[in-house]
Amino acid sequence: MSDPRQTLRAALDPRSVAIVGASENSNKIGGRPLLYLARHGYGGVVYPINPNRSEVQGRKAFPDLLSLPDTPEVAIIALAGDAAVDAVEICAGMGVKVAVVMTSGFGEVDPVGGKQKEARMRAVAREAGMRVVGPNSQGLANFGTGAILSFSTMYIEMPPEDGPVAVVSQSGAMSVVPYALLRERGIGVRHTHATGNDCEVTVGEFASVVAEDPGVKLLLLNVESISEAMSLTNLAAIARERELPVIALKSGRTAAGQEAARSHTGALANEDRVVDAFLEQHGIWRARTM
């Protein structure tokens, strides 16, 4: 089986991307990544998947994943409900490296049935050596490579500029708020990634891959729970080796914040003083506010 981190690196600069549920309407979840890939200089191959159209946003479309002439390195899943889970299974069988599941309605709203669907996606992905970002992910954006695999409107409202800062967050909103504040101050942002429910790839693991980018001089991390401490430990080790400062904002410090985290990504907030001790031990700065 391939190295899981090596496989995940494909998400930052994929040679090819399929959009499952691609839309002609650039205001829809399945349409906005197509707009961004065209607008921001992505140089790879793009495969829109739409069974009802032969062309989407000027690109040749395909009726389904199995009709593609080649296996895409990354697949964006923008389908509703169980169709998203089915698409992940097809991707795993094809040899896709990374599936970015934008679909919501999983563990963040249904802690039983939703989590079971997440477990199903995780199982098929791990058996195949595929990585899954999400579900409930706003998407990934690397402005250094033009791989904007996101449906955020922020990149229309606040034009991007490549720069030395990376933002990695479970929450989609909390990935683009710091982006906007930095851009208002004229600071360029290279990475803005939202990992969603972290059913397979955790926010810490994704951040550890982003931290390897030599163009990144500051990493901002937003976490709603520390579900898998080893990934943050690995991130801290990579950051220390690179002398890369990492600043973390951990939500769920109050009862209201804990409830917000649970309802947003299905995360379980951790005891605040334990989080403080963990971050301090690993040399990660903790911010108290945005």
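Against which helix and strands do the buried residues of H4 pack? In this predicted model, where local features need pLDDT of at least 70, side-chain atom pairs count only at pLDDT 80 or more, while totals for chains, interfaces and linings use all residues. Residues are numbered from 1 along each chain as its sequence is written, and side-chain values use heavy atoms, without hydrogens and water.

The buried residues of H4 pack against the three elements tabulated here.

| Partner of H4 | Residues |
|---|---|
| helix H3 | 82-94 |
| strand S6 | 98-101 |
| strand S7 | 131-133 |

Helices (H or I, at least four residues) and strands (E, at least two) are DSSP runs, numbered from the N terminus.

Helix H4 comprises 16 residues, 113-128; at 1.5 Å a residue it should span 22 Å, and its end C-alpha atoms are 23 Å apart, which agrees. The expected span is 1.5 Å times one less than the number of residues.

Gly114, Glu118, Met121 and Ala125 are the buried residues of H4. Seen down the helix axis, they fall within an arc of 60 degrees and therefore line one face; the arc is taken from the directions from the axis to the C-beta atoms. An α-helix has 3.6 residues a turn, so residues three or four places apart point the same way. On the other side of H4, Gln116 and Glu127 are exposed. Buried means under 20% relative accessible area, exposed over 50%, and partly exposed in between (1.4 Å probe, protein chains only).

Just after H4, glycine 129 takes a positive phi of about 80 degrees.

Definitions and conventions. Contact = heavy atoms within 4.5 Å.
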